[in-house]
2 protein chains.
Amino acid sequence: MSEMSNRDDEKQELKTEHSECGGKYIDMIKKIDDNMPCEEEFLDLSELFKMLGDPTRVKILYALSQGEMCVCDIVELLDVTQSAVSHQLRLLKQARLVKYRRNGKSAIYSISDDHVYTILSMGMEHISE
Amino acid sequence: MSEMSNRDDEKQELKTEHSECGGKYIDMIKKIDDNMPCEEEFLDLSELFKMLGDPTRVKILYALSQGEMCVCDIVELLDVTQSAVSHQLRLLKQARLVKYRRNGKSAIYSISDDHVYTILSMGMEHISE
DNA sequence: TAAACATATGAACATTTATTCATATGAAGA
DNA sequence: TCTTCATATGAATAAATGTTCATATGTTTA
């Protein structure tokens, strides 16, 4: 987790006492606490995963991982309403997980960067253990 | 996404027609559809990410990624109620993302496998782009 | 065995979230 | 310009989720 930098300047004072249970771990805990990523970082991280934490969105992302396509293609591929797809695409767009361009009447969506693909694959690998 | 096998035997008939918009993509869509992972697979996948899609759980997992620790250590490290931590640990345990053992009065929790760590790191990398 | 500590859990509550339905916007073609 | 197709969006609703509070369970020690 070396990528996690510590941007939290107003970090809380470390308690000088520790409950009995983990007495021997105090130093370890203190060290971890000093390097804890800040609240905002955790929020961003969970926000990212939250986007992947819905069947419809994960399907959409999987579909797009195969190549860019328009909304009606997605609607046909998955068994989801056009409206539902559109709503979810908006969320994915806001989260910058997908991008889109207009082509005539169509809106062509695609995965915005390779990380998304990688994370999905990791997830897939995990669940098939 | 080669890890995604197709376990869905009762797959829907492919529509023979396609709306005008993506006419030229028909073959691509058909090919993608044939290889779509099944519903259950998508459910499992989104379920996994859902577990990572909450600030408290992500914090807990981050803490545990630094080493095993007991509940009260986690409570101290994060700024969360003992009850909230316990509830979330139960979910994480159900999802097999963490495991635990008892040590006297304490319950020592730890990350159940390396994938979790890897996925977290990927996520971190993504949000700091 | 009684008290203290560590953790777990059920119920209640407030919030968030995803879908649906109806409709609006926007682009292309007749 | 009128119609049609493709997509977007607002409001409403139902369901899922996370926290809190109170309390239960389980373990150690006096």
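Copies are superposed by least squares on the C-alpha atoms of residues with pLDDT of at least 70 in both. I start from that rule, as I looked at how the two chains relate before anything else.

**Entry 1: the model.** I note that this is a predicted model, in which local features need pLDDT of at least 70, side-chain atom pairs count only at pLDDT 80 or more, and totals for chains, interfaces and linings use all residues. Residues are numbered from 1 along each chain as its sequence is written, and chains are lettered from A and ligands numbered from 1 in the order in which they are written.

**Entry 2: the two copies.** I laid chain B on chain A and found an RMSD of 0.0 Å, after a turn of 180° and a shift of 0.0 Å along the axis. That is the relation of a two-fold axis.

**Entry 3: where the chains meet.** I take two residues as in contact if their C-beta atoms, placed from the backbone, lie within 7 Å. On this basis 52 residues of chain B touch 54 residues of chain A. On the chain B side, two or more residues each come from α1 (26–34), α2 (39–52), α3 (55–65), β1 (69–70), α4 (71–77) and α6 (114–127). The largest share, eleven residues, belongs to α6(B). By class, the chain B side has 26 nonpolar, 15 polar and eleven charged residues. Here Ala, Val, Leu, Ile, Met, Phe, Trp, Tyr, Cys and Pro count as nonpolar, Asp, Glu, Lys and Arg as charged, and the others, Gly among them, as polar. I also checked the overlap: 100% of the interface residues of chain B are interface residues in chain A too, so the copies meet through the same surface.

**Entry 4: the elements of chain A.** I counted six helices and three strands in chain A. Helices (H or I, at least four residues) and strands (E, at least two) are DSSP runs, numbered from the N terminus. Read from the N terminus, the order is α-α-α-β-α-α-β-β-α. Of the contacts in chain A between residues at least 6 apart in sequence, 55% join residues at least 24 apart.

**Entry 5: the sheet.** The three strands of chain A form an open sheet in the order β1-β3-β2, with antiparallel pairing. Two strands pair if DSSP finds at least two bridges between them. β1 (69–70) and β2 of chain A are the edge strands, each paired on one side only. I followed β2(A) to β3 (residues 106–111) of chain A and found six bridges, in the antiparallel sense. In one of them A:Arg101 has A:Ile108 of β3(A) as its bridge partner.

**Entry 6: a helix pair.** I looked up helix α3 (residues 55–65) and helix α6 (residues 114–127) of chain A, which pack at an angle of about 115° with their axes 11 Å apart. Axes are lines fitted to C-alpha atoms, for helices over the stretch in contact, and angles run from 0 to 180 degrees between N-to-C directions. A:Leu61, A:Tyr62 and A:Ser65 of α3(A) meet A:Val116, A:Tyr117 and A:Leu120 of α6(A). This contact has five nonpolar, one polar and no charged residues.

**Entry 7: Arg96.** A:Arg96 is not a glycine, yet has a positive phi of about 60°. I found A:Arg96 in the loop between α5 (82–94) and β2 (98–103) of chain A. A:Arg96 counts as partly exposed because 15 C-beta neighbours lie inside 10 Å. A residue is buried if 20 or more other C-beta atoms lie within 10 Å of its own, exposed if 12 or fewer, and partly exposed in between, with C-beta atoms placed from the backbone. In chain A, 34% of the 129 residues are buried.
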